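Here are some exercises to work through with the model open beside you. Try each task before you read the solution under it.

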Amino acid sequence: MKRSTKVLIVIGIVLLVFALACGGYLLYQYITLSSAANAIKDVKSNVESTTTATLPSAVEKELKSKDYDNDDDDLSSYSYFDSESEYNHVAVDPMKRRIDFASLKRINPDVYAWIYIPNTQIDYYIMQEPTSDSHKYLWSDIYGNYSSTGSLLTYTASDNVEDAHRVIYGHHLMGYPAMFTELVNYKSESYTHSHPYVYMYYEDRVERWKVWAPQNVLASDGVYTMPYILGSDDYSSLLTNLHGNAPMTYAAKPDENTRTLVLSTCDSPYRIDDGRYVVCCVPDVAYYYDRHELVSMRSDKNESSRNSNS
């Protein structure tokens, strides 16, 4: 057998082994991601309240009046899932939705909250890490089992001081729209306008947050410092930096007495090892279920605003 023929055979075998390895890896990823998705689906089916919160007509009217004006866009249309949507749909106005936290807590008392962004796959429980340096739920689900998607999670400050800004972390799964993969879509101005609100659910209330300043950051960025004290100069500087560094802002810069919400995921195309993408949000309104009370979470300063910082 000629030497060239042997070389071709060896190359062919190597390519075949490589192809089989890649195929096996992709199959493994598909199986593990499907398993994780099914586990999350099971949780959702068990904790979605069978009754929705009741909003008195006066409250509904007030809620509508508090919508941010956004040119000619009808923001009310973003509050619902179409029944034919490709996404996990919620059949009611998100402000009327109620999560069964008693059932969630029975599964795992470390559940912190629930997050939902209409017309996305982001509709998940959020786990509370016990300390600022623990990573229990980075690759675990609500049951404590290994999960290839991990869980959305947040950290507790080491001295148990309440942070002026809450950071929620989630994985960016390349090619699979789960966890916080879709956050990077906020790089698009049109996408941000069509997905302006983030809903946070707690046992006694639902909070609506307005997307304010999406942007790329590094893992070493000050946004990940814990804790920031409400009203402090450090917190004021953080807000100024976030507002100034965002390519586009969609609300006025909050002051140092306003709490903020930050959604964070990895963004390898920005920086392979330590690239991150954050969607920073300002408070809008909260509805307390049992009190039937709609409360404004924002100051007059945080009215709708759009500014290009480029």
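**Exercise 1. Locate Asn257 and decide whether it is buried or exposed.**

Solution. Start with the strands on either side: Asn257 lies in the loop between β7 (248–251) and β8. This is a predicted model, by the way. Next, check the accessibility: the value for Asn257 is 52%. The cut-off for exposed is over 50%, so Asn257 counts as exposed. Finally, look at what sits around Asn257. Leaving out residues up to four places away in sequence, Asn257 touches Leu230 and Gly231. Ile229 is 28 residues from Asn257 in sequence, and the two C-alpha atoms are 9.2 Å apart.

**Exercise 2. Work out how β1 is paired and how enclosed it is.**

Solution. Take β2 to begin with: five bridges join it to β1, and the two run antiparallel. One place to see this is Ala113, which stands opposite Ile126 in β2. The two strands make a hairpin with six residues between them, and Asn119 in the turn has a positive phi of about 65 degrees.

Now take β5. Three bridges join β5 to β1, again antiparallel. Here Tyr116 has Tyr199 as its bridge partner.

Last, count burial along the strand: five of the six residues of β1 are buried, so β1 is largely enclosed by the rest of the structure.

**Exercise 3. Find the largest nonpolar core and say which strands supply it.**

Solution. As background, nonpolar side chains in soluble globular proteins tend to be buried together. In this chain of 310 residues, 46% count as buried. The largest nonpolar core has 27 residues, and Ile115, Val198 and Leu263 have the most contacts inside it. Strands that each supply at least two of its residues are β1 (111–116), β2 (123–128), β5 (197–201), β6 (205–218), β8 (260–266) and β9 (275–288). The largest share, three residues, comes from β9.

Zoom in on Ile115 next. Not counting residues up to four places away in sequence, its contacts include Leu152, Phe180, Val198 and Leu263. Then look for another core: a second, separate one has 22 residues, among them Leu104, Tyr116, Tyr287 and Tyr289.

**Exercise 4. Classify the ring pairs Trp114–Tyr125 and Tyr169–Tyr224.**

Solution. You need two numbers per pair, because a pair of aromatic rings is described by the distance of the centres and the angle of the planes. The overall count is nine aromatic pairs.

For Trp114 and Tyr125, the centres are 6.4 Å apart and the planes stand at 65 degrees, so this pair is edge-to-face. Trp114 belongs to strand β1 and Tyr125 to strand β2, eleven residues apart. Both of these residues are buried.

For Tyr169 and Tyr224, the figures are 5.9 Å centre to centre and 25 degrees between the planes, which makes the pair stacked. Tyr169 is in strand β4 (residues 165–169), while Tyr224 is 55 residues away in the loop between β6 and α5 (233–245). Tyr224 is buried at 16% relative accessible area.

**Exercise 5. Which charged ends sit over a tyrosine ring?**

Solution. Begin at the cluster that ring pairs make of Tyr116, Tyr197 and Tyr199. Over the ring of Tyr197 you'll find the charged end of Arg208, 4.1 Å from the ring centre. Then move on to Tyr288: the charged end of Arg291 sits over its ring, 4.1 Å from the centre.

Note on methods:
Residues are numbered from 1 along each chain as its sequence is written. This is a predicted model: local features need pLDDT of at least 70, side-chain atom pairs count only at pLDDT 80 or more; totals for chains, interfaces and linings use all residues. Side-chain values use heavy atoms; hydrogens and water are left out. Buried means under 20% relative accessible area, exposed over 50%, partly exposed in between (1.4 Å probe, protein chains only). A nonpolar core is a set of buried Ala, Val, Leu, Ile, Met, Phe, Trp, Tyr and Cys residues joined through side-chain atoms within 4.5 Å. Helices (H or I, at least four residues) and strands (E, at least two) are DSSP runs, numbered from the N terminus. Contact means heavy atoms within 4.5 Å. Two strands pair if DSSP finds at least two bridges between them. Rings of Phe, Tyr and Trp (its six-membered ring) pair if their centres lie within 6.5 Å; planes under 30 degrees apart count as stacked, over 60 as edge-to-face and the rest as tilted. A charge sits over a ring if NZ of Lys or CZ of Arg is within 6 Å of the ring centre and within 35 degrees of the ring normal.
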